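Subject: Structure for you, with notes

Hi,

Here is the structure I promised. Please open it first, then read my notes below.

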Amino acid sequence: MWQDEILEELHRIREEHAKSFNYDMKAICEDWRRQQAQSGRRFVTLTPVRQSNNAVQ
C-alpha cells in the first residue's frame, strides 16, 4: 500500500506534541493558541452562518 511520507511526518509531529502534554486536550489547545499569538500573523475567526428553517431543500 502506498504511504505518503509528508502525511506520516505530520502524524508523528502531532503525536509527539500531544504526548508532550500527556494527551491533555485543554493543554494542547492552549499551546496552539500561545504559538498562534507569538507568530505575529493575523488570523480570522469566522462566525457560523445559520440557515433559516425556510431553506430550500
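First, a term. A helix here is a DSSP run of H or I, at least four residues long, and helices are numbered from the N terminus. By that rule, Glu16 and Arg12 both lie in helix α1. They sit four residues apart, about one turn of the helix. Please keep in mind that this is a predicted model.

**Salt bridges**

How many salt bridges are there? The count comes to three. In general, side chains of opposite charge can pair when their charged atoms come close.

Start with Arg12. Glu16 forms a salt bridge with Arg12, and the closest N and O atoms are 3.0 Å apart. Arg12 also meets Glu9 through their side chains, at 3.9 Å from N to O. The cut-off for a salt bridge is 4 Å, so the 3.9 Å pair of Arg12 and Glu9 counts. Arg12 and Glu9 are three residues apart in helix α1, again about one turn.

How covered are these residues? Partly exposed means between 20% and 50% relative accessible area. Arg12 has 40% relative accessibility, so Arg12 counts as partly exposed. Glu9 is partly exposed too, at 42%. Glu16 comes in at 46%, also partly exposed.

Now helix α2, residues 25–39. Arg34 and Asp31 both lie there, three residues apart, about one turn of the helix. Their side chains meet in a salt bridge, 2.4 Å from N to O. Is Asp31 buried or exposed? Asp31 is buried, with a relative accessible area of 8%. Arg34, by contrast, is partly exposed at 40%. Back in α1, shared partners join Glu9, Arg12 and Glu16 into one network of salt bridges.

**The loop between α1 and α2**

Three residues here deserve a look: Phe21, Asn22 and Tyr23.

Phe21 lies in this loop. Its relative accessible area is 26%, so Phe21 is partly exposed. Which residues does Phe21 touch, leaving out those up to four places away in sequence? Phe21 touches Ala27, Ile28 and Asp31. Phe21 and Asp31 are 10 residues apart in sequence. In space, their C-alpha atoms are 9.1 Å apart. Asp31 therefore appears twice in these notes: as a contact of Phe21 and as the salt-bridge partner of Arg34.

Next come the backbone angles. Most residues other than glycine have a negative phi. Asn22 is not a glycine, yet Asn22 has a positive phi of about 55°. Asn22 is exposed, with a relative accessible area of 66%. Tyr23 also has a positive phi, about 60°, and is not a glycine either. Tyr23 is partly exposed, at 47% relative accessibility.

**A nonpolar patch**

Which residues form the nonpolar patch on the surface? Ile6, Leu7 and Leu10 do. Together they have about 300 Å² of accessible area. Leu10 is found in helix α1, which covers residues 5–20.

**Where to look**

For a quick pass through the model, try these stops:

- Glu9, Arg12 and Glu16, joined by salt bridges into one network.
- Arg34 and Asp31, paired at 2.4 Å in the salt bridge.
- Asn22, with its positive phi of about 55°.
- Tyr23, with its positive phi of about 60°.
- Ile6, Leu7 and Leu10, the nonpolar surface patch.

Best wishes

Notes. Residues numbered from 1 in each chain as written. Predicted model: local features only at pLDDT ≥ 70, side-chain atom pairs only at ≥ 80, totals over all residues. Heavy atoms only, no water. Patch = residues over 30% accessible without salt bridge, like charges linked within 9 Å, V, L, I, M, F, W, Y side chains within 5 Å. Areas by Shrake-Rupley, 256 points an atom, 1.4 Å probe, with all protein chains shown as cover. Helix = DSSP H or I, 4+ residues; strand = E, 2+ residues; numbered from the N terminus. Buried < 20%, exposed > 50% of the residue type's maximum accessible area, 1.4 Å probe, protein only. Contact = heavy atoms within 4.5 Å.
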